[in-house]
Amino acid sequence: MKNKEHTRQVRDTVVKKFKAGFGYKKISQALNIPRSTVQAIILKWKEYQTTANLPRPGRPSKLSAHTRRRLIRDAAKRPMITLDELQRSTVEVVDSVHRPTYSCNHSKRWRYKVLT
């Protein structure tokens with residue numbers, strides 16, 4: 001798995017340059033990291049006054065938002081689709097997800113149903 005986090009030293013350097021009056025673009029060019037990453041580091045520092053990696057607020061979702069929307073879209077297109085068919089249709093995107101996960105997300109499609 002690829003590590004997507006920057007080191008604490010890099011994050012501290014970003015904050016130090018920001019305090020010195022540099023803008024997002026100048027910092028990103030100087031450190032060769034994306035501007036959106038610089039922005040995220042600074043916003044996190046402004047909110048929590050730290051550059052340390054904070055723990056996540058909860059358990060990661062089994063399905064990504066993209067996959068969940070795809071399931072809802074497929075179920076809306078074909079209301080009589082079975083859970084097994086949904087499971088087979090997303091097997092190339094998701095490693096392995098059990099039936100109850102699909103069942104739970106399938107029932108959520110009624111929240112997003114567009115009335116015609």
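Biologist: What makes D12 and R8 a salt bridge?

Modeller: In this predicted model, the closest N and O atoms of D12 and R8 are 3.9 Å apart. The cut-off is 4 Å between a side-chain nitrogen of Lys or Arg and a carboxyl oxygen of Asp or Glu, so the pair counts as a salt bridge. The structure holds one salt bridge.

Biologist: Where do D12 and R8 lie?

Modeller: Both are in helix α1, four residues apart, which is about one turn of the helix.

Biologist: Why is D12 called partly exposed?

Modeller: D12 has 33% relative accessibility. Buried means under 20% and exposed means over 50%, so D12 falls in between and counts as partly exposed.

Biologist: What is R8 called at 45% relative accessibility?

Modeller: The value of 45% is also between those two limits, so R8 counts as partly exposed.

Biologist: Why is α1 called oblique to α2?

Modeller: The axes of α1 (residues 8-19) and α2 (residues 24-31) come within 10 Å and cross at roughly 140 degrees. Roughly antiparallel needs an angle over 145 degrees, and roughly perpendicular covers 65 to 115. The crossing angle fits neither class, so α1 is oblique to α2. The crossing is right-handed.

Biologist: Which residues make the contact?

Modeller: From α1 they are V10, T13, V14, K17 and F18; from α2 they are Y24, I27, A30 and L31.

Biologist: How many residues of this contact are nonpolar?

Modeller: Seven are nonpolar, with one polar and one charged. Lys counts as charged, so K17 is the charged one.

How values were computed
Residues are numbered from 1 along each chain as its sequence is written. This is a predicted model: local features need pLDDT of at least 70, side-chain atom pairs count only at pLDDT 80 or more; totals for chains, interfaces and linings use all residues. Side-chain values use heavy atoms; hydrogens and water are left out. Axes are lines fitted to C-alpha atoms, for helices over the stretch in contact, and angles run from 0 to 180 degrees between N-to-C directions. Helices (H or I, at least four residues) and strands (E, at least two) are DSSP runs, numbered from the N terminus. Angles under 35 degrees count as roughly parallel, over 145 as roughly antiparallel, 65 to 115 as roughly perpendicular and the rest as oblique. A crossing is left-handed if the near helix is turned anticlockwise from the far one by less than a right angle, and right-handed if clockwise. Contact means heavy atoms within 4.5 Å. Buried means under 20% relative accessible area, exposed over 50%, partly exposed in between (1.4 Å probe, protein chains only).
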